[in-house]
Protein chains: 2
Amino acid sequence: MRYSLLAGGKRVRPMLCLAACELVGGFESMAMPAACAVEMIHTMSLMHDDLPCMDNDDLRRGKPTNHIVFGEDVAVLAGDALLAFAFEYIAVYTLNVSPLRIVRAVAELAKAIGAEGLVAGQVVDICSEGLSEVGLEQLEYIHVHKTAKLLEGAVVLGAILGGGTDEEVEKLRRYARSIGLLFQVVDDILDVTRSSQELGKTAGKDLVADKVTYPKLMGIEKSREFAEKLLNDAKELLAGFDQEKAAPLIALANYIAYRQN
Amino acid sequence: MRYSLLAGGKRVRPMLCLAACELVGGFESMAMPAACAVEMIHTMSLMHDDLPCMDNDDLRRGKPTNHIVFGEDVAVLAGDALLAFAFEYIAVYTLNVSPLRIVRAVAELAKAIGAEGLVAGQVVDICSEGLSEVGLEQLEYIHVHKTAKLLEGAVVLGAILGGGTDEEVEKLRRYARSIGLLFQVVDDILDVTRSSQELGKTAGKDLVADKVTYPKLMGIEKSREFAEKLLNDAKELLAGFDQEKAAPLIALANYIAYRQN
């Protein structure tokens, strides 16, 4: 659990969670356990996706994947334990927030993971490999679920725990959906344009595995234009908020759009 | 998820959860989502334990195991989704209970699963296979974690959601620990004394895999005496409660002790 959770990574999800909490007027500390929990979920989903029976990846964040180091059995179990620990962490360590909001946060996080979240995306992704007729709609379904749902969860958890109104929570949910898709489009672009060393993971993997990607479906140039549009959508959704407090979320959207790994 | 969750099974954990809720004065409906959640966790732990990289079981509850039917990748993911859905189900569908008690229930369930619960037991179990020097202490550690923790979780969740006092919750926790160990001792005895057809799973599996069991360590007769002692301990812990309301928990203890599969 420690090996994969502390292996580095960009920590985009925790930062989103904390920034959303502060944007709606909460203190960072209110969303800190949830921010950690969201990163645990992200890590466990990578551990399970990397397994030999799934994407069979040997390298992640520049280090051997969990099952390479500890074996498949332990990698499955460590992922399970991280998944459970995420909920324990929110339930036990969230302080100065009403229990009602904590229960809402638990429900949101759980939805982001399961049969309408991460898992749905990974299942459709697995079923799409090697198929020639995968279209844009299915590609979006995969990415919305594999990537955007947990980014959405991170933002929404922060907004709920920070004391946001229902309207604020829903506006931030839409912001998160835009950057969630943005995140995946940029990932796909980077996969075909950067080397393994720069990425810290096996590059060109998606092409070799015959996975459908945005560059494959619409070309690199159109993919870049699509990323630009999503970035602008995200920024517009933050327009109604205090711009000083919105600065971290704007910066994160820019970071996601312009990152090089 | 549906295939394994609805494949039958004794539903001991949900019954314990509901009975504990009623024992402390709650309505069955208060603990019903938690009872379902606990069964989801039990099911997902079986799905993952049955995987080829773990116990490699082909048969469970008289049916082919999940990965035999749907493949290893889907079996891993369906387990993950059930784990998350359990928390979603408690958080979304528990009604007429204070959110504070729901948060406590979430924390209890999470602890029963992770690195100090089910997963801990399975990891030590895996690491013990083929070792000759596994002692009684290590065997108890495995069973307390693999089996007793979730039975304890079921009872404690029911007691918390039903409005039990801290003292009532702790007494029922100790009851659950006794029957948790009882459950495993009886399982071990049945594994060596019954056929696969009667059990609905591969019999003698523990012996073939060179797993440590109570009958192997202390013999069948002493194992039966130990089971009897645990049953009496469990019943004594219920002595302080309304005996009419305690009847289902007494009956469940007897059922666990005297079941034939």
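## Cysteines, cores and the A–B interface

Start with the cysteines: searching the whole structure, over all chains, turns up 0 disulfides. Keep in mind that this is a predicted model. Two of the cysteines are set out here.

| Cysteine | Nearest cysteine sulfur | Distance | Relative accessible area |
|---|---|---|---|
| Cys17(A) | Cys21(A) | 7.2 Å | 0%, buried |
| Cys127(B) | Cys53(B) | 13 Å | 49%, partly exposed |

Neither distance fits a disulfide, because that would need the sulfur atoms within 2.5 Å. So Cys17(A) is in no disulfide, and Cys127(B) is in none either.

On to the packing. The largest nonpolar core runs to 157 residues, and those with the most contacts inside it are Leu109(A), Leu172(A), Tyr175(A), Leu109(B) and Tyr175(B). Take Leu109(A): leaving out residues up to four places away in sequence, this leucine touches Ala37(A), Val38(A), Ile41(A), Ala86(A), Phe87(A), Ile90(A), Leu150(A) and Leu157(A). Apart from that core there's another, of 17 residues, including Val119(A), Leu51(B), Met54(B) and Val119(B).

Now for where the chains meet. Contacts link 33 residues of chain A with 33 residues of chain B. Together the two chains bury about 2900 Å², with 83% of that on carbon and sulfur atoms. As for polar links across the interface, there are 0 salt bridges and 2 residue pairs in polar contact.

Which helices of chain A each supply at least two residues of the side that touches chain B? They are helix 3 (28-49), helix 5 (72-93), helix 6 (99-113) and helix 7 (118-128). Helix 5 gives the most to that side of chain A, chipping in 12 residues.

How values were computed. Residues numbered from 1 in each chain as written. Chains lettered and ligands numbered in written order. Predicted model: local features only at pLDDT ≥ 70, side-chain atom pairs only at ≥ 80, totals over all residues. Heavy atoms only, no water. Core = buried A, V, L, I, M, F, W, Y, C linked by side-chain atoms within 4.5 Å. Buried < 20%, exposed > 50% of the residue type's maximum accessible area, 1.4 Å probe, protein only. Contact = heavy atoms within 4.5 Å. Buried area = accessible area lost by both parts, 1.4 Å probe. Salt bridge = Lys/Arg side-chain N within 4 Å of Asp/Glu carboxyl O. Polar contact = N/O pair within 3.5 Å; in protein donor to acceptor, adjacent residues only side chain to side chain. Helix = DSSP H or I, 4+ residues; strand = E, 2+ residues; numbered from the N terminus.
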